[in-house]
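User: Please take a close look at one helix of this protein chain and its surroundings. I would like the confidence of the model to be covered as well.

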Amino acid sequence: MASTTNEMSGLQKAAILLITLGPERSSTIFKHLKEDEIEELTLEIANTRSITPQMKEEVLEEFYQICLAKQYIEEGGIAYAKELLEKTFGAEMARDVIGKLTASLQVKPFEFVRKTDASQLLNFIQDEHPQTIALVMSYLSAAQSALILSALPPERQADVARRIALMDRTSPDVIKEVEKVLESKLSSLVNQDYTIIGGVDAVVDILNSVDRGTEKHIMETLEIEEPELADEIRKKMFVFEDILLLDDRAIQRVLRDVDNNDLAISLKGANEEVQNAIFNNLSKRLGVMIKEDMEFMGPVRMKDVEEAQQKIVNIIRKLEDSAEIVISRGGGDEIVV
């Protein structure tokens with residue numbers, strides 16, 4: 001029997017997926033989309049009148065296969081992904097899934113260095129120009145980049161972080177030239193495409209993984225040299241949902257400084273896991289009161305929710321800076337007990 005979704009556009013499938021996932025999960029996805037993409041999807045969702053169980057099943061299955069393929073490609077490249085997909089779904093299905101991802105899943109530049117030990121890679125690039133180091137680090141995992149950034153001399157750390165944050169697009173010719181140098185040292189070759197790299201999100205991932213001392217030095221330097229950039233990075237470094245990184249004692253300490261009205265508004269836009277983490281650390285009486293406030297206040301603008309959540313994030317960062325709480329993070333942080 002022919003698939004009911006074969007003739008559907010990607011937009012139609014995306015709308016069905018979001019409807020199937022429900023409003024709470026879909027709203028989380030919307031946060032990562034551009035404004036025009038949200039408008040297109042919202043219109044498509046509004047125009048979707050009925051969805052059969054078969055449609056839901058086929059869209060979810062296709063989404064699962066594509067996610068699996070992306071994971072395999074990130075782990076070992078296209079050939080590795082194709083081999084595993086063939087074992088899981090068969091040769092024909094594997095070709096179909098890989099075909100759908102041909103445009104978006106090109107082998108990334110510097111893929112060979114992603115599989116290289118960070119300490120070994122540091123020996124190859126530490127004496128390069130800061131822009132070259134920033135370019136290579138933009139293609140590494142946050143954990144790899146964090147190790148390299150921490151090992152660089154203090155006077156170069158902020159410079160490299162700034163270059164990653166300000167990086168936008170790099171031409172294939174430049175990437176190819178840099179790859180040639182590393183190729184001669186690591187005896188590897190990789191194909192590349194015109195790629196969006198770096199950016200604030202990339203440096204945020206790295207800084208969230210380095211030890212607190214390195215992060216503090218870099219942020220203090222950027223606040224002097226690039227105050228607007230430093231402010232943008234700081235706002236993204238710890239988001240409200242990251243409250244799950246705190247232990248119960250730290251959450252209780254944070255809640256002592258939080259206004260009850262701000263807490264109620266912030267929880268209106270929080271997922272169930274975050275809400276549970278908060279309510280589990282409130283007294284039974286206060287928890288009931290906050291839930292009643294949330295119910296009685298009715299619909300709240302997303303802008304108000306984000307502002308309330310940012311107030312709480314600011315409190316968390318302030319308490320971390322004063323060493324009153326510890327945020328579980330990667331890198332070299334150590335907890336002394």
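The request concerns helix α17 and what surrounds it.

Analyst: This is a predicted model, in which local features need pLDDT of at least 70 and side-chain atom pairs count only at pLDDT 80 or more, while totals for chains, interfaces and linings use all residues. Residues are numbered from 1 along each chain as its sequence is written, and side-chain values use heavy atoms, with hydrogens and water left out.

The pLDDT (the predictor's confidence in each residue, from 0 to 100) averages 76 over the protein chain, and 75% of the residues score at least 70. Helices (H or I, at least four residues) and strands (E, at least two) are DSSP runs, numbered from the N terminus. Confidence is highest in helix α17, residues 272-279, at 92, and lowest in strand β2, residues 195-196, at a mean of 48.

At the N-terminal end of α17, Asn271 acts as a cap, with a side-chain oxygen 3.1 Å from the backbone nitrogen of Glu273. Within the helix, Val274, Ala277, Ile278 and Phe279 are buried, that is, under 20% relative accessible area with a 1.4 Å probe and protein chains only. The cover over the buried residues of α17 includes α15 (248-256), α16 (260-268) and α18 (284-296).

Phe279 also takes part in a charge-ring arrangement: the charged end of Lys291 sits over the Phe279 ring, 4.7 Å from the ring centre. The criterion is NZ of Lys or CZ of Arg within 6 Å of the ring centre and within 35 degrees of the ring normal.

Between α17 and α18, the loop contains Asn281. Asn281 counts as buried because its relative accessibility is 11%. A polar atom of the Asn281 side chain lies 2.8 Å from the backbone oxygen of Ala277. Leaving aside residues up to four places away in sequence, Asn281 touches Asp248, Ile251, Gln252 and Leu255, a contact being heavy atoms within 4.5 Å.

For the wider setting, the largest nonpolar core has 34 residues, of which Met137, Leu149, Val160, Ile164, Leu207 and Ile233 touch the most other members. Its largest share, six residues, comes from α12. Apart from this core lies another, of 27 residues, among them Phe238, Val254, Leu263 and Leu282. Such a core is a set of buried Ala, Val, Leu, Ile, Met, Phe, Trp, Tyr and Cys residues joined through side-chain atoms within 4.5 Å.

Note on methods: Buried means under 20% relative accessible area, exposed over 50%, partly exposed in between (1.4 Å probe, protein chains only). A polar contact is a pair of N or O atoms within 3.5 Å; within protein, one must be able to donate a hydrogen and the other to accept it, and residues adjacent in sequence count only if both atoms are side-chain atoms.
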